[in-house]
Amino acid sequence: MKILTSPGAMRAWTREQVVLGNKTALVPTMGFFHEGHLSLMRMAAQYADTLVVSLFVNPIQFGPNEDLDRYPRSFTKDCELAEGEGVEVLFAPEAGDMYPPGFQTTVSVEHLSRSLCGADRPGHFNGVTTVVSKLFHIVQPDCAVFGQKDFQQLSIIRRMVQDLDIGVDILAHPIVREPDGLAMSSRNAYLDADQRKSALSLSKGIALARSLYTDGKLDTAVLTEKVKKHILSYSGTEVNYISFIDCSSLEPVDRADQETLVALAVTIDGRVRLIDNGLLAGTG
Ligand code: AMP
């Protein structure tokens, strides 16, 4: 596996692949790999001849009081895991290479970036769309895989690709969970044993919403109250948001139907913010 750090070297590598007639898939990540990341890599490998994984903890998607400095990192282990998945290039640029002095251009998907995590984390999605469009320009992949765990991010990237005529196919991977239901996340590494128990409140809250929906409870105001009460019954939980939204438009809905997705963000002990989501009519 090649480890490339400069955008120029990365672009030169892709040019060679184009000449060789190879299709390239990209999986953008912030590292500290878990089974969720590895599943995305396996999926991406099926859609292309060569696989590039980017590893970049993108400073501009973190707010001033967020966890950029303590975000978990483990470069050597990540390299081993990526190599084990047949990754051909790990693209791991430095922040200074991505955002040199004078950098001032950003990409913004206006409306979709405002709600849910965007309301909670102002500027977050502009950071995401800016770095993903840079990665698309540098790596020039034929396709890229994103996880449904970050459902809003996936919708925003799809919108960006459509709006800006970026010729990259966007593929979605379902949420990968621990055996007890917790959605895998690099941030789970922050959790101590008690907080790990409270972290289950998210997937249990989604399960509750699903069972109420199956029982014919469709009023989302009622569903929201019940899910909120359930989540708050776990120690140290604070609900950032619980939203019942249409899975295409991401607009809130008053009455649930089979297109309705419940999306939530919960902070545990004021320190660890986790997100999860699921279709009410789904299982994953
Ligand atoms: P991250 O390193 O957290 O920025 O995630 C990199 C990619 O992996 C994103 O497309 C995420 O949506 C995806 N991802 C992270 N955790 C999971 C998970 N548990 N299941 C599916 N995809 C995930």
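Let's start with the ligand's surroundings: three elements, β2 (24-29), α2 (35-46) and β5 (143-147), each bring at least two residues to the shell around it. Keep in mind that this is a predicted model.

How many residues surround the ligand? The count is 17, and M30, H37, D150, V176 and M184 are the closest. Sorted by class, the shell holds nine nonpolar residues, six polar ones and two charged ones.

Now for some distances. Each row below pairs an atom of the protein with an oxygen atom of the ligand.

| Residue | Protein atom | Distance to a ligand oxygen atom |
|---|---|---|
| M30 | backbone N or O | 2.9 Å |
| H37 | polar side-chain atom | 2.8 Å |
| G147 | backbone N or O | 2.9 Å |

So where does that leave the ligand's surface? On its own, the ligand has 480 Å² of accessible area, and the protein covers 93% of that.

Next, take a look at two helices further along the chain. Helix α8 spans residues 193-214, and helix α9 spans residues 220-232. Their axes come within 9 Å of each other and cross at roughly 145 degrees. Is the crossing of α8 and α9 left-handed or right-handed? It's right-handed.

Which residues meet there? From α8 you'll find S201, K204, G205, L208, A209 and L212, while α9 offers L223, K226, V227, H230 and I231. By class, this contact of α8 with α9 is made up of six nonpolar, three polar and two charged residues.

How values were computed. Residues are numbered from 1 along each chain as its sequence is written. This is a predicted model: local features need pLDDT of at least 70, side-chain atom pairs count only at pLDDT 80 or more; totals for chains, interfaces and linings use all residues. Side-chain values use heavy atoms; hydrogens and water are left out. A residue is near a molecule or strand if one of its heavy atoms lies within 4 Å of it. A polar contact is a pair of N or O atoms within 3.5 Å; within protein, one must be able to donate a hydrogen and the other to accept it, and residues adjacent in sequence count only if both atoms are side-chain atoms. Accessible areas come from the Shrake-Rupley method with a 1.4 Å probe; for residues, only the protein chains shown count as cover. Helices (H or I, at least four residues) and strands (E, at least two) are DSSP runs, numbered from the N terminus. Ala, Val, Leu, Ile, Met, Phe, Trp, Tyr, Cys and Pro count as nonpolar, Asp, Glu, Lys and Arg as charged, and the others, Gly among them, as polar. Axes are lines fitted to C-alpha atoms, for helices over the stretch in contact, and angles run from 0 to 180 degrees between N-to-C directions. A crossing is left-handed if the near helix is turned anticlockwise from the far one by less than a right angle, and right-handed if clockwise. Contact means heavy atoms within 4.5 Å.
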